[in-house]
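Here are my notes for someone opening this entry for the first time. Please keep the viewer open while reading.

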Amino acid sequence: MNKKGFIFDLDGVIVDTAKYHYLAWKELANSLGIDFSEKENEQLKGVSRVRSLEKILSWGNKTLPQDEFTRLMASKNEEYLSYINKMDESELLPDVKKTLIFLKMANQGIALGSASKNARYIIEKVNVKDMFDAVVDGTDVSKAKPDPEVFLIAAKLISRAPEDCIVFEDSVAGVQAANRANMISIGIGSSEVLSEADYIFNDFTEISEEFINTLINN
Ligand code: BG6
Ligand code: MG
């Protein structure tokens, strides 16, 4: 059987932490007198913590001194972690675990490719850490998605060529990063938002074992 590399984004793909990022950023933005919608929030998905705050400030035409900027990032993360601390395996998105087990049984390479500096903590909380042959997160990269760095490092760690890798992503920036890395991109979410992906599904319940076998054997 062919050995491919399957690289999973974390937030919004394995767990629905995208909603916690949204809540935490929204609270912080509102405290600065800035508001933003779910539509604008799509631009924050997959994007680093620094870049997210820069974007929110730009929506409100605000600039901040560096120490205040750093303080607000820490405060957002504290709020975010208050949600994360309560997480357990029940928050895994539907059929994610089933897909991971299927890929493991099929002897494929499995990696995590996330922009989050909290990624290692979260995969432990929801009890899927052991499923991954390699983990690349926000502490391992210098360039944020849509730069392909995170996925290229992941491919290297599981010893696969980029063109033998398949990426699951819920963000526009992440799909672009996968495409730039020359990997197959699978968008998880709405086809309107993720139109640049090679394939799009609403969630893993729509991804059949037959489809995965096609990816493995092509
Ligand atoms: C990405 C999320 O996975 O990680 C972004 O989609 C988030 O919304 C980014 O900003 C950085 O996460 P963290 O946990 O390091 O603040
Ligand atoms: Mg994501």
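The points below go from the domains to the ligand and its surroundings.

1. Start with the status of the coordinates. This is a predicted model. Every value below is computed from it.

2. Next, the layout of the chain. The chain is divided into two parts: domain 1 covers 5-15 + 91-217, and domain 2 covers 18-84. Their centres, taken over C-alpha atoms, are 24 Å apart. On the domain 1 side, 15 residues take part in the contact; on the domain 2 side, 14 residues do.

3. Where does ligand 1 lie relative to domain 1 and domain 2? Ligand 1 lies between them, because both domains give residues to the shell around it. As for pockets, ligand 1 occupies the largest pocket.

4. Now look at the shell itself. Ligand 1 is surrounded by 14 residues. The closest are Asp11, Arg49, Ser116, Lys117 and Asn118. By type, the shell holds 4 nonpolar, 6 polar and 4 charged residues.

5. Which atoms of Val47 lie 2.8 Å from an oxygen atom of ligand 1, backbone or side chain? For Val47, a backbone N or O atom is the partner. Arg49 uses its side chain: an N or O atom there is 2.7 Å from a ligand 1 oxygen atom. Asn118 also has a side-chain N or O atom 2.7 Å from an oxygen atom of ligand 1.

6. Last, burial. Ligand 1 exposes 400 Å² when taken alone. The protein buries 97% of that area.

Methods. Residues numbered from 1 in each chain as written. Chains lettered and ligands numbered in written order. Predicted model: local features only at pLDDT ≥ 70, side-chain atom pairs only at ≥ 80, totals over all residues. Heavy atoms only, no water. Near = heavy atom within 4 Å. Polar contact = N/O pair within 3.5 Å; in protein donor to acceptor, adjacent residues only side chain to side chain. Areas by Shrake-Rupley, 256 points an atom, 1.4 Å probe, with all protein chains shown as cover. 1 Å grid on protein atoms, 1.4 Å probe; cavity = no way out; pocket = protein on both sides within 12 Å on 5 of 7 lines; lining within 4 Å. Sits in = over half its atoms within 2 Å of the grid points. Nonpolar A, V, L, I, M, F, W, Y, C, P; charged D, E, K, R; others polar. Domains from an automatic or database assignment. Contact = heavy atoms within 4.5 Å.
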